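Visitor: Please take one part of this model and go through it closely, strand by strand and contact by contact. Then work outward to whatever else deserves a look.

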Amino acid sequence: MDVKLIAMDLDGTALLNDHMTVSPRLQAALEQAHEKGIKIVPVTGRPYKLLPSLLETNPQWKEYGILCNGSQIRNLRTGEILYSLTIPEKDLRALVALAEKYAVPVEFSADSRLYLTQQSWQAQQEHPELAFHCGKILPKNGVAVESLLPLCTGSHGLVEKVNLNGVPEAVRGEIDAALGALGVSGVWASSSCMEITHKDATKGGALGRLCRMIGIPMEQVMALGDSGNDVSMLQMAGLGVAMGNAPAFVKQAANAVTESNVEDGAAAAIERFT
């Protein structure tokens with residue numbers, strides 16, 4: 001396969017378990033791929049201003065990024081938004097009501113800020129799975145508000161993603177069903193964290209759009225991912241590679257499986273297939 005573009009998830013794939021750094025081997029593999037003329041595109045659930053230090057160092061391959069699970073395509077060098085989908089007001093209101101019904105913490109992601117009530121902020125502190133989120137992300141980019149409803153309307157209608165964090169296992173099926181009825185795009189980024197976007201915003205859909213923009217066939221794309229929000233791009237790419245730390249359903253969606261993120265799985269896949 002003649003790979004022309006590598007679509008690379010960040011957390012759980014490129015990043016180590018500190019959610020901040022990559023291994024020297026992966027840095028070298030990315031640089032070598034770039035030297036071969038291969039484009040490197042981070043594809044992440046993160047918004048623009050929450051990207052890891054890997055991209056703050058301005059590596060030579062830094063160019064395009066797909067953010068907020070496909071809600072946004074940006075030029076990472078200039079910050080220019082090339083494509084954007086935000087969640088309609090009626091869906092935002094329905095999601096707030098859904099979170100209240102099941103007493104689940106809810107966040108609105110807009111312009112790289114995470115808006116949430118103090119109640120949701122405190123509730124997330126009780127979930128060990130959210131330790132990094134509560135310890136590193138919210139103190140820097142969280143904004144406590146009395147209510148999320150004003151963010152649903154008017155000039156505030158710029159919400160790219162809604163997070164339901166710390167969802168109890170007993171209600172996950174009901175939430176899946178409710179989101180299906182709403183017609184939004186929802187994916188489990190982890191076992192208890194649901195990420196919701198506009199119905200047409202997925203990693204796979206945005207990857208396809210970007211490839212059309214820059215003239216690269218999907219058959220020449222390799223995608224790397226580890227989570228439910230990566231399945232759409234693993235299935236659409238010419239070669240989908242799941243990480244060794246991915247759950248079984250993600251591995252089943254891929255063409256190949258590499259080692260885990262802490263075993264340089266992303267680097268091994270790039271070395272093997274490019």
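What follows is a walk through one strand and its partners, and then through other parts of the chain.

Guide: The model is predicted, so local features need pLDDT of at least 70 and side-chain atom pairs pLDDT 80 or more, while totals for chains, interfaces and linings use all residues. Residues are numbered from 1 along each chain as its sequence is written, and side-chain values use heavy atoms, without hydrogens or water.

Start with strand 11, which covers residues 194–197. Strands here are DSSP E runs of at least two residues, helices are H or I runs of at least four, and both are numbered from the N terminus. Met194 and Ile196 point to one side of strand 11. Glu195 and Thr197 point to the other. All four are buried (under 20% relative accessible area; exposed is over 50%, partly exposed in between; 1.4 Å probe, protein chains only). The charged Glu195 is therefore buried along with Met194 and Ile196.

Now the partners. Strands count as paired if DSSP finds at least two bridges between them. Strand 9, residues 161–164, is joined to strand 11 by three bridges, and the two run antiparallel. Leu164 has Met194 as its bridge partner in strand 11. Strand 10, residues 185–188, is also antiparallel to strand 11, with four bridges between them. Here Trp188 stands opposite Met194. Met194 thus appears in both pairings: with Leu164 and with Trp188. Strand 10 and strand 11 also form a hairpin, with five residues between them.

Next, the loop that runs between strand 9 and helix 7, where Gly166 sits. Gly166 is buried, because its relative accessible area is 4%. What does Gly166 contact, leaving aside its neighbours within four places in sequence? His127, Leu130, Ser192 and Cys193. Contact means heavy atoms within 4.5 Å. Gln125 is 41 residues away from Gly166 along the chain, yet their C-alpha atoms are separated by 9.5 Å.

Follow that loop into helix 7, residues 172–182. The axis of helix 7 comes within 11 Å of the axis of helix 4, residues 89–101. The two axes cross at roughly 165 degrees. That makes helix 4 roughly antiparallel to helix 7. Axes are fitted to C-alpha atoms, for helices over the stretch in contact, with angles from 0 to 180 degrees between N-to-C directions. Under 35 degrees is roughly parallel, over 145 roughly antiparallel, 65 to 115 roughly perpendicular, the rest oblique. From helix 4, the contact takes Asp91, Ala94, Leu95 and Leu98. From helix 7 come Ile175, Ala178, Leu179 and Leu182. By class, that is seven nonpolar residues, no polar ones and one charged. Nonpolar covers Ala, Val, Leu, Ile, Met, Phe, Trp, Tyr, Cys and Pro; charged covers Asp, Glu, Lys and Arg; the others, Gly among them, are polar.

A second helix pair makes a useful counterpart. The axes of helix 2 (24–35) and helix 11 (265–273) come within 8 Å and cross at roughly 30 degrees. That makes helix 2 roughly parallel to helix 11. Arg25, Leu26, Ala29, Leu30 and Ala33 of helix 2 meet Ala266, Ala267, Ala268, Ile270 and Glu271 of helix 11. The split is eight nonpolar, no polar and two charged.

Now a sheet elsewhere in the chain. It is open, has three strands in the order 3-4-5, and pairs antiparallel. Strand 3 (64–67) and strand 5 (81–84) are the edges; each has a single partner strand, so one side of each lacks a neighbour in the sheet. Neighbouring strands are turned by 15 degrees against each other on average, direction ignored. Four bridges link strand 3 to strand 4, residues 72–75, in the antiparallel sense. Gly65 stands opposite Arg74 in strand 4. Helix 8, residues 203–214, lies across strand 3, strand 4 and strand 5, at about 155 degrees to strand 3.

Last, two backbone details. Most residues other than glycine have a negative phi. His19 has a positive phi of about 60 degrees. His19 lies in the loop between helix 1 (10–14) and helix 2. His19 is partly exposed, at 27% relative accessible area. Asn58 also has a positive phi, of about 55 degrees. Its loop runs between helix 3 (53–56) and strand 3. Asn58 is partly exposed too, at 43%.
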